[in-house]
Amino acid sequence: MRGTVSASCPTPETVPLDTSMSRRTVLQIGAILGAAGAVGATGLGAAAASTPATPGLGAAQVAGQFADPPARVRAGFRWWWPHGLVDPAEIAREVDAVADAGFGLLEISDVHHSVETALDPVGHGWGTAAWRAGVEAALTRAKARDLRVDMTIGPAWPAAVPTITPDSVAAAHELAHGEASVPSGTTFDGPLPDPVVAAADGVSARKLIAVQVAKVLERPAKPPVQLDPTSVTDVTDQVSDGTLTWTAPDDGGEWIVLSYWERGTAQQPESGPHTSPLAYVVDHFSAAGAQAVFDYWDEAVLTPTITRLLRQVGGNVFCDSIELEYDATLWTPGFLDEFRHRYGYDLTPYLSAIVQVSEKYAYVLDATLSGQVRFDVSEALGRLYVERHLTPVTRWARRLGMGLRLQAYGITLDSVAAAAILDVPEGESLGFKNLDDYRILASGRDIAGRSVLSCEAACYAGGAYNTTWQKALVTVGSFMAGGVSQGVSQSVFHGYPYRDVPGAAWPGFAAFSPYHGAPGYGEAWGPRMPSWRHVAPIADHLGRTQLVLQSGVPQTDVTIFRQRGAAGTGIGARYFTNDGIPIGWTHAFLTDAVMDLVPPMVRRGRLYPDGPAYKALILAGDPFASEETAIPLASARRILAMAEHGLPIVVVGDWSQAHGTGNADEAENAAIRRIIAELLGRSKVAVVSDYTKIPDGLAALGIERTVTHDSSTLMHLHRVVERADLFYLANARHAENRTLVQVSQDVTLTASNADALPYRLDTWTGAIEPIAQFTRDGARFTVRVTLNPGESTVIALAAPGVLTGRRRPARSVTATEADLVRYDGTRLVVRSLTGGTVTSTLDSGRTVSTTVAAPPAAPQIGTWTLEVEDWRPGDEIWETAVSTSTRTLDTLAAWTEIDGLEDVSGIGRYTTTLTLPADWTGAGAYLDLGTVFDTVKVTLNGTEVAPVSPLVSRIDLGRALRPGENTLRIETSTTLWNRLRTTSPEVFGSSARQSYGLLGPVKITPYREAHV
């Protein structure tokens, strides 16, 4: 078992920082954190240093950049390349297309699952001269266009290089076991049993790790086989020249001989071959694996020109999720020694409990003991990944003048700690089950003082060529809220394809379409899509939103201690995920490993006070292990110290039998119970019986949420900049199966600054305007929020003049009968759809009446002229031929219902004439679009109106309509789905058409306004 642990509890000022990692490892990883300006605290005392605030913009700087955000905060694309089979001139054109559309990032990814004709890895594979020429062209043009370029660490994923073989020490490894049954009283005499899982092609070497014998207690129809833990005996020393002679006890039972072999996995990166010779996945748990990557970059990637350009462009090295494939058991050379050093006991007697076949355990000893050992093994591998791979790769990327963007999940790993090390942690909208998966990563980011959490965005199974921006923005709006507490602040859309590849069909190459004869994954964004004509306002909206989400520091209500910090599990937080989020609570996660990296500090009742500033900690059982009240000894000590320094803590359930995580010994368990008993006696600790009582515990401790509202699908993110609080609010879904409806409700926001007043930041227009109607109770402001499904807004509580540079109007409205209240300069204006006298209550308490003239009658819209661009294959696979036709519509309908347009994809321009009477002068109007497919551009009398969100169906035209004739044009876009059903029916033909076009009903709703 583990080594003996002292049962005494240290004073809060001397909470140990090195109980889980070696002190040297903590310092090494701390140096990585420090390099990014996030050195951890040295203790919990009120005077101790803490994580410094994230370097960021003040409110005035955010406002100054809001209308036109810099490229560094803009969204981007995963750029799919077919190896180096690219034309440098075309590469430069594609960089221009992305920059012209308003995006700021491209990630070069050698991904081409759709290609059926074999590519030539010798002539243009990853790392060849042709590939380097493409990279140089991309970096050169990106520098000229102020665009960031990220580069994957190797061809496709996981990290792999062609300079190793499956037998190399630097290659990925597995532990394979062999089994031979030995009846009671008989003798096994012969070669050791070969592994039950055959070695992969290319694996020619194996190393014997151990040989054991054990008695079988039960052999069910399906594994695991039950072994007698007391019978397991090591007989390795009896092996001679690969043979063993051993006689089973004559006890009437079945015995087995178990052999354990270390060997390579021969895993290659996805969709290869990418190189010649073949690339093999490196060992992600050893320094040798990381060094193999560095050496190959020095040899094949880092020409003087590329090295210079990488430093100038300032992108990131990118690693996808850790998708290690193994048929036996995940392993690394030297693991037994590493394990003994870290956990104080020999893993060898328990090898039978950890070996697997196709990710299923083959044997089980005592069920509890087996689970404990497996926990330790998973934790050890996760920490080796952080120390031996993640940390050196981060350091190496920074030496190149880049950062490291990485998806820290795919194996059992403390993703909270991993995210704390990374320059840019990343999640994914396809693989993550709910927003708590993002929150795991965001927690590490926030604790370490970073500002960016990235997302591989808007990738949907079967979504190729049928994904709308409407759908993508609903997804993006949700994960930017990040499950309420912290949000994704960078979107990398999946993806932007290179133009062409041999064998591809119109409209050109796409990495995942077709995919096994089906449409495939991910949309092929870019000029080949009709909606690209309308994408610039979307890019600006995303850039403004990401500017807000990357500014200042986050503020979060509570953090939840998590025994396991794995992301991508879909396991959320009891109470908060389903009940707390809908009413405004925000939460994060805290783990033992992240506290090793960034030691906790408490000041004035807040944990990590200069970062997320958690108001309270929730201590509950392990949700991955039937709510076991397990906790590492180091974490128990730290949490007690937090309570000593005034952090409110809610303890959930009965912790009288608390014990250590993993295979802890009784001395450690006894120490933990004594610490927990002391913790429960503290005045700032509330004990509740179960998760449903967490609100009672928080209330007893005086903890309130920063944002409150009635239960709904509204979510928010809160960041604090100098002299302002920024609140991102989204009508978002926590999981894909949640149904969204419009939200219209009062929301109460709490300000950090005593002189704050509310402003709305319009991410679609770039305007920043004071909010005219609100109520105030001290630092708490209540405003009305109305959002369509997936729609978002930004509200700031800021000191007057900081955001707009002009004097704040003196008066505001707390209640009104008007349909809307706004400011015209410094004067209050009320709006009415009906006219008459409306009563308003001012913030002074005075009631005023305002007479508003009756608006004119709503005009009736007659016929429409529909001009349709029909997009079809051109002369080259990447070329689109466009033909135009025009028809008159008395009634709006989907294109699938209009003769001749059933299979058309492209652009539709709907034009109508409105003749308005003379009494229209001075009236304003709304344009209601009704139902419309995807993106829209509206022009009135030849002038484009404000950018239109695809999620909004009502547009305020202001006073743009005039007496007499007015020409209204509504331009819509489509996907390419309906046309591809006819041009590539073998892939797309079996699916239903999409309902393109402007379906309406379209109507004009007039209003009039008057000054209060």
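Begin by selecting strands β40, β41, β54, β47 and β51, which in that order make up an open sheet of five strands with antiparallel pairing. The model on the screen is a predicted one. Colour residues 820–824 and 954–958 to mark β40 and β51, the edge strands, each of which has a pairing partner on one side only. Turning the view along the sheet, one finds that neighbouring strands are rotated against each other by 30° on average, direction ignored.

Remain at this sheet and select residues 924–928, which form β47. Four bridges connect β47 to β51, and the two strands run antiparallel. Within this pairing, show L927 and I955: L927 stands opposite I955, a residue of β51.

**A covered helix**

Next, select residues 633–644, helix α17. This helix of twelve residues spans 17 Å from its first C-alpha to its last, close to the 16 Å expected at 1.5 Å a residue. How many of the twelve residues of α17 are buried? Eleven are, and the helix is therefore described as mostly covered, where buried means under 20% relative accessible area. Among the buried residues are the arginines R637 and R638, together with L633, I639, L640 and M642. Just after the helix, select G646, where phi is positive at about 100°.

**Two helices side by side**

Now display α2 (residues 59–66) together with α14 (residues 535–549). Their axes come within 10 Å and cross at roughly 170°. Since angles over 145 degrees count as roughly antiparallel, α2 and α14 are therefore roughly antiparallel to each other. To see where they meet, show the side chains of V62, Q65 and F66 in α2 and of R544, L547 and V548 in α14.

**A buried glutamine in a loop**

Move to Q994, in the loop that links α21 (985–988) and β53 (998–1000). Is Q994 buried or exposed? Its relative accessibility is 15%, so Q994 counts as buried. Its side chain reaches the backbone oxygen of N466 at 3.0 Å. Expand the selection to the residues that Q994 touches, leaving aside those up to four places away in sequence: Y465, N466, T896, F933, T975, W977 and N978.

**Backbone details in the loops**

Most residues other than glycine have a negative phi, and most peptide bonds are trans. The remaining stops concern departures from this pattern.

Select P223 and P224, which are joined by a cis peptide bond with omega near 15°. P224 belongs to the loop between β7 (207–218) and β8 (225–227). A further cis bond links G272 to P273, with omega about 0°. P273 is located in the loop between β11 (254–264) and β12 (280–281).

For positive phi values, go to H516, where phi is near 55° although the residue is not glycine. H516 is placed in the loop between β21 (490–497) and α14, the latter being a helix already visited with α2. With a relative accessibility of 75%, H516 counts as exposed.

End the tour at R723, in the loop between β31 (714–721) and β32 (724–731). R723 is not a glycine, yet its phi is positive at about 70°. Where H516 counts as exposed, R723 is partly exposed, with a relative accessible area of 42%.

Key: Residues numbered from 1 in each chain as written. Predicted model: local features only at pLDDT ≥ 70, side-chain atom pairs only at ≥ 80, totals over all residues. Heavy atoms only, no water. Pairing = 2+ DSSP bridges. Axes fitted to C-alpha atoms, helices over the stretch in contact; angles between N-to-C directions. Expected span 1.5 Å × (residues − 1). Buried < 20%, exposed > 50% of the residue type's maximum accessible area, 1.4 Å probe, protein only. Polar contact = N/O pair within 3.5 Å; in protein donor to acceptor, adjacent residues only side chain to side chain. Contact = heavy atoms within 4.5 Å. Parallel < 35°, antiparallel > 145°, perpendicular 65-115°, else oblique.
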